[in-house]
Amino acid sequence: DCIELTEVKFEEGIKLETLGKGAFYDCRKLASIIIPSNLKSIEEDTFNNCYSLKSVVFEDGIQLETIGNEAFEDCYSLLSIVIPASVTSIGEDAFAYDVRLYEIYNLSSLNIEIGSEDNGNLGYYAMYIYTSLDAESKIITDENGYVYIIDEDDNYNLIHYNGTSKDITLPNEINGHTYNIYDNAFYYTKITSVVIPNNVASIGEYVFAYCYNLTCVVLPESISSIGEYAFYDCEMLLEVYNLSELQIELGSSDNGYVGYYAKY
């Protein structure tokens, strides 16, 4: 519950074999951590609810064998992770609700599959699972903190925002490519308004879900579909500028709940 903790460093040569149960539980601002090589176990709930955690790096020669139950649950800023070769077990729900964990480098002998709830839900949201560090990442971050992933059809998908602005106007393109807004892209972020450019055709599921501060959204002409629960529980969403052909109605749960709370 050290909710202001942002950084943890372990001194070189530290003799640390275990990160105990709940050691960093609810450290909401912890953004990155480097795990020392002699660590053998990450126990239950160690990083649970560390929802700002973007980077987990294991030192070369890591001896890690076990990742406990719910160890990284609700780490929904985590986009990519390397599972070391030494890992032999991953506990129940160890990576549950890590809704943006799209790339996994699995160096272990565990069978990690896309969409599977096995091995702690590690592969449940994955787009890519690699078995070698030589595989090139498909994740791109632009200069404004917008994060994209290139899917197997070479389409660009906006998956996250690492910037600091709360009133945002999304970019028209990325590297000369149009893009769609992928599932969970702004899930549980603190943005207050969003303008979506006319190139975007679709908004995925849960994209703005639990954005409790979101008050205004602009939907362009190009939007043809909004996924389920895209604006779920956005209880402050008062104004919707609908320039699309979608039928948005006040109080309706259709089109991802976008009109459910709206007054205008």
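**Aromatic pairs and a small sheet**

At 11% relative accessibility, Tyr130 counts as buried, because the cut-off for buried is under 20%. I start with that residue as a way into the aromatic pairs. Before going on: this is a predicted model.

Tyr130 has a ring partner, Tyr105, and the structure holds 28 aromatic pairs. In the pair of Tyr105 and Tyr130, the ring centres are 4.7 Å apart and the planes make an angle of 45°, which puts the pair in the tilted class. Tyr105 sits in strand β9, residues 103–106, while Tyr130 sits in strand β10, residues 128–130, so the pair ties together parts that are 25 residues apart in sequence. Is Tyr105 buried or exposed? Tyr105 is buried, with a relative accessible area of 8%.

Next, a pair with another geometry. Tyr187 and Tyr210 are edge-to-face, at 5.5 Å centre to centre and with 80° between the planes. Here too the pair links distant parts of the chain, 23 residues apart. Tyr187 belongs to the loop between β15 (179–181) and β16 (193–195), and Tyr210 to the loop between β17 (202–203) and β18 (216–219). Tyr187 is buried, at a relative accessible area of 12%.

Both of these tyrosines also belong to a cluster linked by ring pairs. Its other members include Tyr51, Tyr76, Tyr188, Tyr206 and Tyr212. Further along the chain, Tyr229, Tyr232, Tyr257, Tyr260 and Tyr261 are part of the cluster as well.

Two of those names come up again around Ser252. Leaving out residues up to four places away in sequence, Ser252 touches Tyr257, Gly259 and Tyr260. Tyr257 and Tyr260 are among the cluster members just listed. Where is Ser252 found? Ser252 is in the loop between β20 (239–242) and α2 (254–257). Ser252 is buried, with a relative accessible area of 14%.

Now the sheet. β1, β3 and β5 form an open sheet of three strands, in the order β1-β3-β5, with parallel pairing. Why does one side of β1 and of β5 have no neighbour in the sheet? β1 (7–8) and β5 (55–58) stand at the edges with a single partner strand each, so one side of each is left without a neighbour.

How many bridges join β3 to β5? Four bridges join them, and the two strands run parallel, with β3 covering residues 32–35. At the residue level, Ile35 stands opposite Phe58 in β5.

Methods: Residues numbered from 1 in each chain as written. Predicted model: local features only at pLDDT ≥ 70, side-chain atom pairs only at ≥ 80, totals over all residues. Heavy atoms only, no water. Pairing = 2+ DSSP bridges. Buried < 20%, exposed > 50% of the residue type's maximum accessible area, 1.4 Å probe, protein only. Contact = heavy atoms within 4.5 Å. Phe/Tyr/Trp six-rings, centres within 6.5 Å; stacked < 30°, edge-to-face > 60°.
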